[in-house]
Amino acid sequence: MTKKIFCGFVISCLVFAFILATAGLVSAEEKPNVFGLLLVGPYNDHGWSQAHYEGGKYVEKMMPGSKMIYIDKVNPADRQGVTIPQLVDDMVEKGATLIIANSDDMKDGTREAAAMHPDVHFIHISGDDVLTGKAPKNLSNLMGRMEYGKMMAGFAAALTTQNGKIGYLGPLINEETRRLAACAYLGAKYAWENVLKKDPKQLKFQVTWIGFWFNIPGVTADPTQVAQNFFNTGYDVVISGIDTTEAVVVAKQKKQEGKAVWAIPYDYIGACEGADDVCLGVPYFNWGPGYVDFVKAAFSGKWQSKWVWLGPDWKDINNPDTSTIGFTAGPALSATAQKHLASFINDLGSKKINLFKGPLNYQDGSPFVKAGQTASDKKVWYMGQLLEGMEGASSAK
Amino acid sequence: MNRFEYLTRHSRHVLVTVAAVFFFTSLVLIIAGAPPLAAYYHIFKGSLGSWIKFSHVIKSWIPLTLCACGLLFTFRIGLWNIGIEGQVMIGAVFSTAILRLGLESQMPSIIILGSIIAGLVGGALWALIAGFLKTKGGVNEIFAGLGLNFVAQGVILWLVFGPWKRPGVASMSGTEVFPPALWLSQVASIRLSLPALAIVCIALILTALLLRYTKIGLHLKAIGNNPSAAYLFGLKPARNMVLAMIFAGGFAGVAGSLQVSGVYHRLLPAISSNYGYLALLVAMLSNYNIWLVPWVALFFACLNVGSIQLPMALQLDSSLSGVIQGALVLATLGIHGWRRRRAEVRGQKTEDGGHMIGGREQKTEDR
């Protein structure tokens with residue numbers, strides 16, 4: 001028996017050695033320009049991570065000779081014990097010279113990895129390490145001005161709601177999520193006051209946070225339950241701020257039960273798919289163009305550490321080659337509302353409407369932007385609280 | 001049975017288990033339409049393919065081995081310390097508390113040392129609760145442990161979203177990262193932390209010595225083999241059970257502490273990374289033998305680190321690595337059950353093997 005097992009062991013060792021040897025031959029071929037993508041959620045989540053994955057595919061298409069390697073579900077709940085520096089080490093061994101980390105959650109790990117690999121370039125999406133001066137020279141930040149997308153979402157929601165109750169399904173609380181929720185509210189308030197000519201006091205805008213970018217059973221609040229709760233308590237439009245599609249899924253169920261409800265997903269251009277009768281549209285990211293700029297700079301040696309906040313291309317916000325932010329109106333949005341939305345987008349682009357113009361107050365009544373002033377980029381980025389008129393927590397209790 | 005025979009017999013068990021694991025995982029891979037050989041190759045290369053990869057394996061091996069060492073004490077006395085996961089977490093919490101106190105300190109190494117000791121104390125205290133529940137309250141340690149794991153997770157979530165939150169932020173990403181001065185030192189080029197490695201070696205040797213050559217080890221074993229008889233001999237089962245729990249919790253707490261200062265450099269809800277639960281498998285698979293523990297732990301650590309290659313290199317859906325790990329657990333438990341049955345049969349027939357007490361095979365190597 002022991003002898004047999006020993007023989008088996010020796011044979012399997014030989015097999016391994018053979019595989020190793022042949023693999024070595026294969027990898028000796030010419031090497032493409034490799035960039036690595038770390039995705040916080042599944043690459044096919046119909047949300048945040050899929051938008052990034054498609055962005056990577058876009059780079060491969062636009063830059064022949066470039067090759068993406070990616071790993072998804074990079075979060076401590078799905079991949080217990082796996083750290084960002086560990087994944088970066090692996091991608092660098094596989095030849096990556098540029099790493100894109102797509103989540104706020106990867107901020108610390110990305111900075112640590114960037115310090116360990118000074119020759120590799122890093123893009124941390126949605127971060128502000130360059131602004132705060134914590135970033136080493138090989139680290140840049142990239143984000144899209146989703147503020148405008150959220151304004152459009154809020155605008156569409158306000159024109160659709162029948163009782164003026166809008167729910168916002170929020171992820172965790174930080175500067176980014178606060179300002180995005182606030183912008184949805186600003187868009188809704190604008191439509192409510194200026195298109196519908198109603199009293200803003202009658203508009204109810206409730207933000208409920210789940211605690212992370214997507215559902216982690218036992219750790220976060222369950223977004224499905226939060227969405228159900230919204231619809232069961234009279235909110236008829238739910239705007240999603242999380243990475244995944246629970247809001248539309250639940251809205252669809254409620255619609256089938258005979259309720260007049262709608263939802264607005266987030267992040268990914270195809271997020272409305274299969275929910276035509278409830279989806280009012282989706283504000284989405286189009287990471288391709290922003291990625292290409294950075295990847296080109298990295299591969300041509302013209303890298304600069306910078307903080308980039310790319311806006312929509314106002315000439316055509318849905319142009320896949322130029323606009324980082326887009327909004328596609330969904331089939332459930334009425335024709336009149338679509339018309340109003342189109343002119344709202346026009347006015348935002350021509351600067352006729354600026355929703356960051358004061359006076360704007362924080363939730364506790366203290367001034368955010370004074371009358372006659374307009375909030376600067378930095379002021380918007382670091383919005384410290386939700387705005388007056390919104391309900392929900394501004395920070396952790 | 002002499003030592004050599006014992007080791008070969010048990011390495012045979014390990015080999016059989018490993019073969020079963022390969023069989024099950026191959027089955028899963030084939031069903032999923034993936035080439036099993038390529039998958040194993042990538043797992044192998046992804047864990048032992050380079051020094052840096054190996055040191056990531058070691059990073060995962062460290063908490064696993066520490067927890068498994070601790071579990072040897074509780075298994076020895078016949079306790080199923082499922083609460084080890086929570087003991088890792090509370091160790092991490094205590095450790096974080098000390099590191100937070102020492103943010104401005106001029107002597108970071110003292111603070112780090114203090115944090116490791118705090119982790120040890122924290123884990124031990126948490127285990128003490130389960131120990132007292134068992135001995136004073138008559139609560140089965142499995143249920144007490146599971147309950148305490150949930151409580152420990154709750155404590156971390158509360159701290160991360162509450163008192164220890166980052167300013168203005170409420171996210172399960174964890175607390176603010178500690179300044180690099182408070183990180184456990186590591187050799188940067190190979191990502192290896194020598195102090196952590198030293199701690200594990202000390203833990204291994206200490207466990208071996210305590211279990212084998214001291215009165216404590218003897219008492220634990222005597223009580224584990226036959227609590228009533230031990231009581232008649234004047235040993236105190238309750239006291240020794242609590243003692244075993246303290247040892248297990250202490251080791252687990254140190255593991256939690258190293259996760260904070262050596263790996264994540266902050267406290268986050270997933271700080272224990274399931275190492276406690278995994279260590280239960282390590283301890284069982286190594287047949288509660290201290291000298292097999294590091295090797296079995298190494299195997300699990302390789303799998304942990306290497307399986308990340310499946311989605312990356314083979315574009316396998318990432319949930320598949322979860323399925324493979326599940327198959328691994330099933331195979332391990334299946335073989336464990338089979339071995340137990342065999343031992344039972346052999347025990348009845350010849351009485352030369354181990355005694356069966358509490359449904360668990362007792363060790364025969366150091367009689």
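Hi everyone, let me start with chain B: among its contacts between residues at least 6 apart in sequence, 77% join residues at least 24 apart. Contact here means that the C-beta atoms of two residues, placed from the backbone, lie within 7 Å.

A quick word on the ground rules. This is a predicted model, where local features need pLDDT of at least 70 and side-chain atom pairs count only at pLDDT 80 or more, while totals for chains, interfaces and linings use all residues. Residues are numbered from 1 along each chain as its sequence is written, and chains are lettered from A and ligands numbered from 1 in the order in which they are written.

Let's stay with chain B. It has 14 helices and two strands; these are DSSP runs numbered from the N terminus, helices being H or I with at least four residues and strands E with at least two. The C-alpha trace of chain B spans about 65 × 55 × 35 Å along its principal axes. What would a compact globule of 367 residues have as its radius of gyration? The expected value is near 21 Å, and chain B agrees because its own value is 21 Å. For those who like the formula, the radius is taken over C-alpha atoms, and the globule rule is 2.2 Å times the number of residues to the power 0.38.

Of the 367 residues in chain B, 51% count as buried. A residue is buried if 20 or more other C-beta atoms lie within 10 Å of its own, exposed if 12 or fewer, and partly exposed in between, with C-beta atoms placed from the backbone.

Here is one residue to zoom in on. B:S286 sits in the loop between α11 (275-285) and α12 (293-306) of chain B. Is B:S286 buried or exposed? It is buried, because 22 other C-beta atoms lie within 10 Å. Not counting residues up to four places away in sequence, B:S286 touches B:L292, B:V293 and B:V296. Its C-alpha atom is separated by 41 Å from that of B:L103, and those two residues are 183 apart along the chain.

Now to where the chains meet. The contact takes 33 residues from chain A and 36 residues from chain B. On the chain A side, the elements giving two or more residues are α1 (2-26), β2 (66-71), α3 (84-93) and α4 (107-116). The largest share there, five residues, comes from α1(A). By type, the chain A side divides into 16 nonpolar, ten polar and seven charged residues. In this scheme Ala, Val, Leu, Ile, Met, Phe, Trp, Tyr, Cys and Pro are nonpolar, Asp, Glu, Lys and Arg are charged, and the others, Gly among them, are polar.

On to chain A itself. Its domain assignment, which is automatic or from a database, gives domain 1 (33-144 + 288-310) and domain 2 (146-284 + 327-391). The C-alpha centres of these two domains of chain A lie 28 Å apart. Their contact takes 15 residues from domain 1 of chain A and 17 residues from domain 2 of chain A. On the domain 1 side, the largest share, four residues, comes from helix α2 (residues 48-62) of chain A.

Next, the sheets. Strands of a sheet pair through backbone hydrogen bonds, either parallel or antiparallel. In chain A, five strands form an open sheet in the order β9-β8-β6-β7-β15, with parallel pairing; two strands pair if DSSP finds at least two bridges between them. The edge strands are β9 (262-264) and β15 (390-391) of chain A, each pairing on one side only. Two bridges join β7 (residues 204-209) of chain A to β15(A), and A:F205 has A:M390 as its bridge partner in β15(A).

Helix α7 (residues 175-195) of chain A packs on this sheet, touching β6 (165-170), β7, β8 (237-240) and β15 of chain A, and its direction makes about 165 degrees with that of β6(A). Helix α8 (residues 223-232) of chain A also packs on the sheet, at about 175 degrees to β6(A). Axes are lines fitted to C-alpha atoms, for helices over the stretch in contact, and angles run from 0 to 180 degrees between N-to-C directions.

Finally, strand β4 (residues 121-125) of chain A has five of its five residues buried. Strand β3 (residues 96-101) of chain A pairs with β4(A) in the parallel sense over four bridges, and A:A101 stands opposite A:H124. Thanks, everyone!
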